[in-house]
Amino acid sequence: MTDLTKLTIAEARDAMRSGDTTSAEITNACLSAIESAGALGAFVHHTPEIAKAQAKAADVRIKAGDAPAMCGIPLGIKDLFCTKGVPSQAASGILEGFRPEYESTVTTQLFDAGAVMLGKLNMDEFAMGSSNETSVYGNAVNPWRRGNEETALTPGGSSGGSASAVASDLCLAATGTDTGGSIRQPAAFVGITGLKPTYGRVSRWGIVAFASSLDQAGPMTKDVRDSAIMLQAMCGHDSKDSTSADLAVPDFEAALTGDIKGKTIGIPKEYRMDGMPEEIEKLWADGTSMLKDAGAKIVDITLPHTKYALPAYYVIAPAEASSNLARYDGVRFGHRAKLAQGDGITEMYEKTRAEGFGPEVQRRVMIGTYVLSAGFYDAYYNRARRVRALIKRDFDQVFADGVDAILTPATPSAAFGLGENMDPIQMYLNDVFTVTVNLAGLPGISVPAGLDSQGLPLGLQLIGRPWEEAELLNTAYVLEQAAGFVAKPTKWW
């Protein structure tokens, strides 16, 4: 077979089982593609020996006829996931040299299913960013270009390396994490599918924490079917994670019937933002028509507290980050600053954290510490928590009224140039359509649905009922089939 790296998970699974190719062949093709794609900055730690050993074992398993769907599939793993014996830095200088003695639950489950790890992927430092420009490794780069321009574009963040790697066919799929849109926004920027499951559906154990009540791991894949297959392997109750839901895992792929007749799709008026580009408006309208033509009922809905979502998120997330990142102090692991004569433990903490954390992480830690401080806890943090409860109540009411899924844009624009959007507030606005989903703990998926006037991908977001990823994936599958998005970036790297 040719172009092995371009295969989807489903295509590779079927090809390996029919004997048309092997995991070793697909893995070697991906490793070769990675070697020649340094300009993308997607892979930051390479694990070819691990990949080849896992591929060899997968081929034995497939030949024996006892292999799960993910067996033999080469993946990229976001640097936020702890992988035993492999650098796991969360793209931060403060974790330089950290090689965990344990494996995250998600990667354990993927490897138990026979998946292959090609290496670790670039990301924003501690998952704090929307453009993959805060990484200690340097920027990840979007494989797409604006028309004939050579301007380097962002692949989105924080899962920018994952997005870039999947879109450029360096791996068949990748893991991502989503705290405020960090799977869905980069997926939209590079023209792939990104799924954020319900909070608690996928274990967070062994994933470096940013904001513990918001973080959720999910798949980043070439299409909806692949997301269904990969999510199946990632899910399941984990006794090591107190927030992991003890629920049966449905057959997500079997749920892709392509039939949504009689389903109700809500269109929230609050997502019609002032100054929204016409192309985003048109894409949204086109997506609505696609679902209507497929037999769904379209209704206008209201989510009145949406306008408070961004401010609430950027109080809650930094507050949790300041608490989670307090453990990085130079005492037990990672970077420790060189001390001067007479320096004590306080100076060691200060110098280590000043050297180890980048500007965006420092900014969020300081904001978080401020909103949790004695004089401001009620004024900011508790108020944000109350707003969060109201946002969740808005969604609960809409779903109680019979809405099965909600359709919105995934991002307020197509991918922008690296270095073009350096104002922190402007950067935070990239999450305007996605943060509500995290605050409410709901599942959300971004599906590529078209190109803008400069030839860049645009995505639509579907938001589902809690724990109903199977139904959400089926609706996304219908939207994907109707949109017929098959565009790929022209190779320049």
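## A walk through a sheet and its helices

Strand E2, helix H4 and strand E3 make a right-handed β-α-β unit. Right-handed here describes the crossover: with the strands pointing away from the viewer, the path from the first strand over the helix to the second runs clockwise. Helices (H or I, at least four residues) and strands (E, at least two) are DSSP runs, numbered from the N terminus.

Before going on, please keep in mind that this is a predicted model, in which local features need pLDDT of at least 70 and side-chain atom pairs count only at pLDDT 80 or more, while totals for chains, interfaces and linings use all residues. Residues are numbered from 1 along each chain as its sequence is written, and side-chain values use heavy atoms, with hydrogens and water left out.

### The sheet

Let us start with the strands. Two strands pair if DSSP finds at least two bridges between them. The model has an open sheet of 11 strands with mixed pairing, in the order E1-E3-E2-E4-E6-E5-E10-E11-E9-E7-E8. E1 and strand E8 (297–301) stand at the edges with a single partner strand each, so one side of each is left without a neighbour in the sheet. On average, neighbouring strands of this sheet are turned by 30° against each other, direction ignored.

Here are some of the strand pairs, each with one facing pair of residues.

| Strands | Direction | Bridges | Facing residues |
|---|---|---|---|
| E1 and E3 | antiparallel | 3 bridges | His46 and Gly119 |
| E2 and E3 | parallel | 5 bridges | Leu75 and Met117 |
| E2 and E4 | parallel | 2 bridges | Leu75 and Ala173 |
| E9 and E11 | antiparallel | 5 bridges | Thr408 and Gln461 |
| E10 and E11 | antiparallel | 7 bridges | Pro448 and Gly459 |

Leu75 turns up twice: its partner in E3 is Met117, and in E4 it stands opposite Ala173.

Is E3 enclosed or open? In E3, 6 of the 6 residues are buried, so the strand is largely enclosed by the rest of the structure. Buried means under 20% relative accessible area, while exposed means over 50% and partly exposed lies in between (1.4 Å probe, protein chains only). Helix H2 (residues 23–35) lies across E1, E2 and E3, running at about 20° to E3. For such angles, axes are lines fitted to C-alpha atoms, for helices over the stretch in contact, and angles run from 0 to 180 degrees between N-to-C directions.

E11 (residues 457–464) is also largely enclosed by the rest of the structure, because 8 of its 8 residues are buried. In a regular strand the side chains alternate between the two faces of the sheet. Both faces of E11 are covered, with Pro457, Gly459, Gln461 and Ile463 buried on one side and Leu458, Leu460, Leu462 and Gly464 buried on the other. E10 and E11 form a hairpin with 5 residues between the strands, where Gly455 takes a positive phi near 80°.

### Helix H4 and its neighbours

Back to the helix of our opening unit. H4 is mostly covered, with 6 of its 8 residues buried. These are Thr105, Val106, Thr107, Gln109, Leu110 and Phe111. They pack against helix H3 (48–63), E2, E3, E4, E6 and H7.

How do H4 and H7 cross? The axes of H4 (residues 105–112) and H7 (residues 224–234) come within 8 Å and cross at roughly 110°. That makes H4 roughly perpendicular to H7; angles under 35 degrees count as roughly parallel, over 145 as roughly antiparallel, 65 to 115 as roughly perpendicular and the rest as oblique. Val106, Gln109 and Leu110 in H4 meet Met230, Ala233 and Met234 in H7, where contact means heavy atoms within 4.5 Å. The residues of this contact divide into 5 nonpolar, 1 polar and no charged. Ala, Val, Leu, Ile, Met, Phe, Trp, Tyr, Cys and Pro count as nonpolar, Asp, Glu, Lys and Arg as charged, and the others, Gly among them, as polar. After H4 comes Gly114, whose phi is positive, near 95°.

### Helix H5 and Thr8

Helix H5 (residues 160–167) is mostly covered too, with 8 of its 8 residues buried. Among the elements covering these residues are E1, E2, E3, E4, helix H6 (184–190) and E6. Just after H5, Asp169 takes a positive phi of about 60°.

Finally, look for Thr8, in the segment before helix H1 (9–18). Thr8 is buried, with a relative accessible area of 11%. Not counting residues up to four places away in sequence, Thr8 touches Leu172, Lys222, Asp223 and Asp226.
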